[in-house]
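Hi everyone, thanks for coming. Let me put the structure up, and then I'll walk you through a few spots in it.

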Amino acid sequence: MSYRKSLRLICGIAGGSTALVLAAAAAESRGYFGEKEGEPVGVWGRFGVLQAAQPAWSTAGHTPAPSGHTWDFNWDKRDPSSFSNGRKKETAAEDPSSEQDNGKPKATRNVLLIRHSQYNLSGNGDKERILTPLGREQAELTGQRLAALGLKYDVLIHSTMARATETANIISKYLPVGVELVSCDLLREGAPIEPVPPVTHWKPDAVQYHEDGARIEAAFRRYIHRADPKQKEDSYEIIVCHANVIRYFVCRALQFPPEGWLRMGLNNGSITWLTIRPSGRVALRSLGDSGFMPVDKLTRT
């Protein structure tokens, strides 16, 4: 049998590194490593050549290293164990475990963050930046989607900017009667924190980050937190606001670096769903969901 046929047979049977070693033995006997046939040079003397020809792979090299950051269960400063231990007992006979249980949240909060629909970018000032005809259609589709989910909505909160207010008013037509409509200045669009990596097309002044960042952080603390211990049932709250606000909220809620907010993109009228458990755990159920809209209705302005 010829050398080439033998090598193919060996590779077909053994495979992997074993095949390479066996092939090296055959090659050495025929002087393929540069020695004459019969010279006393062993296969292991040439093993470095074979090793260099194989990809360097190890579990350590292909598994991301842990960041070392642990989950802060008291991120919203509402963990019962963080404040019940320091309370002064009213009576000596009071059971501390019972007190802590009574102060524990028992319900789950679901916060559905809606980005406003497409609006008139050329308007002079906020009052003229109202929804376009397509934007109004997008708001109708978002309202229909929220209705189709069949959830028991508790409240609809919206930014006071014209485009968010108009979007909320259209959506409210599809919600059950009695869902309260509330406006909030804290939810207005702005520059939450300087993004990393930076972008060249958008560079607010440092003072804008300073002012907007404090306001948007205040909005996060007001609306993104675990349920109050008095809340008995799970809640579903809708917040209609802006892309920058929503992206910042998501980073903060998931305890990701907040400066990464600009790495995400959100379509107009999209739905981002955060779930906040009584334990303080947070889950992102959807980010910028707009799959309920026809493709020709999708925009990101």
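I'll talk about two pockets and then one residue.

A quick word on the ground rules: this is a predicted model, where local features need pLDDT of at least 70, side-chain atom pairs count only at pLDDT 80 or more, and totals for chains, interfaces and linings use all residues. Residues are numbered from 1 along each chain as its sequence is written, and side-chain values use heavy atoms, with hydrogens and water left out.

Let's start with the pockets. By pocket I mean an open set of points on a 1 Å grid over the protein atoms alone, where a 1.4 Å probe fits, with protein on both sides within 12 Å along at least five of seven lines; lining residues have an atom within 4 Å of a point. The largest pocket holds about 330 Å³ of space. It has 18 lining residues, and Asp 72, Trp 75, Arg 252, Leu 254 and Gln 255 are the closest to its centre. Seven of the lining residues are nonpolar, four polar and seven charged.

The second largest pocket comes in at about 230 Å³. Its lining includes Glu 189, His 201, Trp 202, Arg 247 and Trp 261. Here the split is five nonpolar, four polar and two charged.

Now, is Asn 110 buried or exposed? Asn 110 is buried (under 20% relative accessible area, 1.4 Å probe, protein chains only), at a value of 2%. This residue sits in strand E1, residues 109-115. The side chain of Asn 110 makes a polar contact of 3.0 Å with that of Trp 273; the term covers N or O atoms within 3.5 Å, one able to donate a hydrogen and the other to accept it.

Notes. Points joined across faces, edges and corners; volume = space filled by probe spheres on them. Nonpolar A, V, L, I, M, F, W, Y, C, P; charged D, E, K, R; others polar. Helix = DSSP H or I, 4+ residues; strand = E, 2+ residues; numbered from the N terminus. Buried < 20%, exposed > 50% of the residue type's maximum accessible area, 1.4 Å probe, protein only.
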